[in-house]
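Okay, thanks for squeezing me in, everyone. I'll put the structure up and then talk you through a few spots in it.

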Amino acid sequence: MCWLLIFKAMDKIKTIHPRKPISKRIRFEIFKRDSFTCQYCGKAAPDVILEVDHVEPVSKGGKTVMLNLVTSCFKCNRGKSNVKLSDTTIVEKQKKSLIELNEKHEQLKMLLKWRSGLLNIENKELQASQNAWAQATSYHLNELGVSGIKKLLKLYGLRSVLDSMDIVVKYLEYKDDKVTKESVEVAFKKLKGVCYIRSLPEDKRKEYQALGSLKITMRYKYRNFDEQWASIYINRFIKAGHTIDQLKEIIEKSKSYYDWQDEIQSYI
Ligand SMILES: [Zn+2]
């Protein structure tokens with residue numbers, strides 16, 4: 001029993017090499033760090049065969065650690081090359097590149113963490129918006145709607161999107177106590193514009209709001225009111241330097257939509 005243990009111990013000692021072979025993984029790390037280039041002569045793979053060299057030789061107590069390892073071509077490793085670098089240069093260079101490598105690694109880790117964090121927030125915001133929409137309209141957004149909301153969130157942020165939803169719900173119409181699908185579509189189409197207007201500076205926003213309420217007035221006043229065309233006329237009217245008060249006056253004195261059209265066209 002006792003002998004058996006001793007044999008086993010001896011067997012173990014035999015297998016311990018005086019020079020531990022460098023693992024494939026370490027070799028790859030060293031090559032990557034040194035850009036697959038011999039650090040003595042600057043020749044690179046695949047022009048030369050690369051090896052991993054101990055800066056401080058193993059025979060002098062050099063260890064198999066990243067800092068003591070360097071990429072060397074076959075020739076340089078056997079001292080056949082003319083070019084020599086002092087040991088300190090190599091060690092300095094290695095230290096520097098190791099620090100850079102660690103830094104890169106750390107930064108990559110941070111970047112990935114940051115990205116996944118952002119993605120998490122984005123998903124949560126999207127979910128919150130989808131829920132808010134479903135709650136307000138009793139309709140779920142389809143794929144197109146979700147991607148539309150995604151864009152709005154990116155452009156204007158969650159707060160603005162939710163506030164704008166509160167505004168566009170006034171376009172919802174009911175039939176038999178149920179929100180109509182058409183009105184939900186109208187409300188959704190308005191969402192983008194409302195988000196945009198809310199992002200404008202105060203005075204511009206007031207102008208839009210005033211124009212919006214004038215259009216509502218027109219819709220009630222004129223039977224054959226065409227909002228799309230009216231908007232085009234109004235835009236031209238404002239661009240020509242006329243004021244909202246002037247527009248209001250024109251609406252007040254025009255009895256029909258055609259009157260209004262004739263009147264406004266004389267200004268633009
Ligand atoms: Zn070399």
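I'll begin with the whole chain, move on to the metal site and the strands beside it in my list, and end with some loops.

So, first off, this is a predicted model, and please keep that in mind throughout. The protein chain has eleven helices and four strands. It runs to 268 residues, and 29% of those count as buried. If you take the contacts with a separation of 6 or more, 62% of them are between residues 24 or more positions apart.

Right, the zinc ion. Which residues donate to it? Four cysteines: Cys38, Cys41, Cys73 and Cys76, each through its SG, at 2.2 to 2.3 Å from the metal. Written as a pattern, the spacing of those donor residues is C-x2-C-x31-C-x2-C. One pair here ties together distant parts of the chain: Cys41 sits in the loop between helix 2, which is 24–33, and strand 1, while Cys76 is in helix 3, residues 74–77, and the two are 35 residues apart.

As for the geometry, the angles among the four donor atoms go from 102 to 117°, and the site is tetrahedral. For anyone who wants the reference number, ideal tetrahedral angles at a metal are 109.5 degrees.

Are those two cysteines buried or exposed? Cys76 has a relative accessible area of 8%, so it counts as buried. Cys41 comes out at 26%, and that makes it partly exposed.

Staying in that loop for a second: Gly42 is also found between helix 2 and strand 1. Its relative accessibility is 46%, so Gly42 goes down as partly exposed. Gly42 and Ser72 are 30 residues apart in sequence, and their C-alpha atoms are 8.8 Å apart in space.

Now strand 1. How many of its residues are buried? Five of five, so to speak: the strand is mostly covered. And that goes for both faces, with Leu50, Val52 and His54 buried on one side and Glu51 and Asp53 buried on the other. Strand 1 runs antiparallel to strand 2, residues 69–73, and five bridges join them.

The residue I'd like to dwell on is Asp53, which is in strand 1, residues 50–54. Why does Asp53 count as buried? Because its relative accessibility is 14%, and the cut-off for buried is under 20%. Its side chain makes a polar contact of 2.6 Å with the side chain of Tyr40. Over in strand 2, the bridge partner of Asp53 is Val70. Skipping anything within four places in sequence, the contacts of Asp53 are Tyr40, Asn68, Leu69, Val70, Ser72 and Asn77.

Back to helix 2, then. Its buried residues are Ile30, Phe31 and Arg33. They span an arc of only 165° around the axis, so they are on the same side of helix 2. What does the face turned away from that buried side carry? Exposed residues, namely Lys24 and Arg25. Just after helix 2, Ser35 has a positive phi, about 55°.

On the subject of positive phi, have a look at the loop between strand 3, 174–175, and strand 4, 178–179, where you'll find Asp176. Asp176 isn't a glycine, and its phi is positive, near 55°. Asp177 lies in the loop between strand 3 and strand 4 too, and its phi is near 65°, again positive in a residue other than glycine. Buried or exposed, these two? With 71% relative accessibility, Asp176 counts as exposed. Asp177 is exposed as well, because its relative accessible area is 77%.

Last stop is Ser254, in the loop between helix 10, 244–253, and helix 11, 257–265. This one is a loop residue with a relative accessibility of 3%, so it counts as buried. Leaving out residues up to four places away in sequence, Ser254 touches Lys221, Tyr222, Asp259, Trp260 and Glu263.

To wrap up with one picture to take away: a tetrahedral zinc site with four cysteine donors, and Asp53 in strand 1, buried at 14% and in polar contact with Tyr40. That's me done, over to you.

Conventions: Residues are numbered from 1 along each chain as its sequence is written. This is a predicted model: local features need pLDDT of at least 70, side-chain atom pairs count only at pLDDT 80 or more; totals for chains, interfaces and linings use all residues. Side-chain values use heavy atoms; hydrogens and water are left out. Buried means under 20% relative accessible area, exposed over 50%, partly exposed in between (1.4 Å probe, protein chains only). A polar contact is a pair of N or O atoms within 3.5 Å; within protein, one must be able to donate a hydrogen and the other to accept it, and residues adjacent in sequence count only if both atoms are side-chain atoms. Contact means heavy atoms within 4.5 Å. Donors are N, O and S atoms within 2.8 Å of the metal (3.2 Å for Na, K and Ca); water is not among the atoms, so sites may look incomplete. Four donors count as tetrahedral if all angles lie between 85 and 135 degrees; four count as square planar and six as octahedral if opposite donors are over 155 degrees apart and all others between 65 and 115; anything else is irregular. Two strands pair if DSSP finds at least two bridges between them. The arc is that of the directions from the helix axis to the C-beta atoms.
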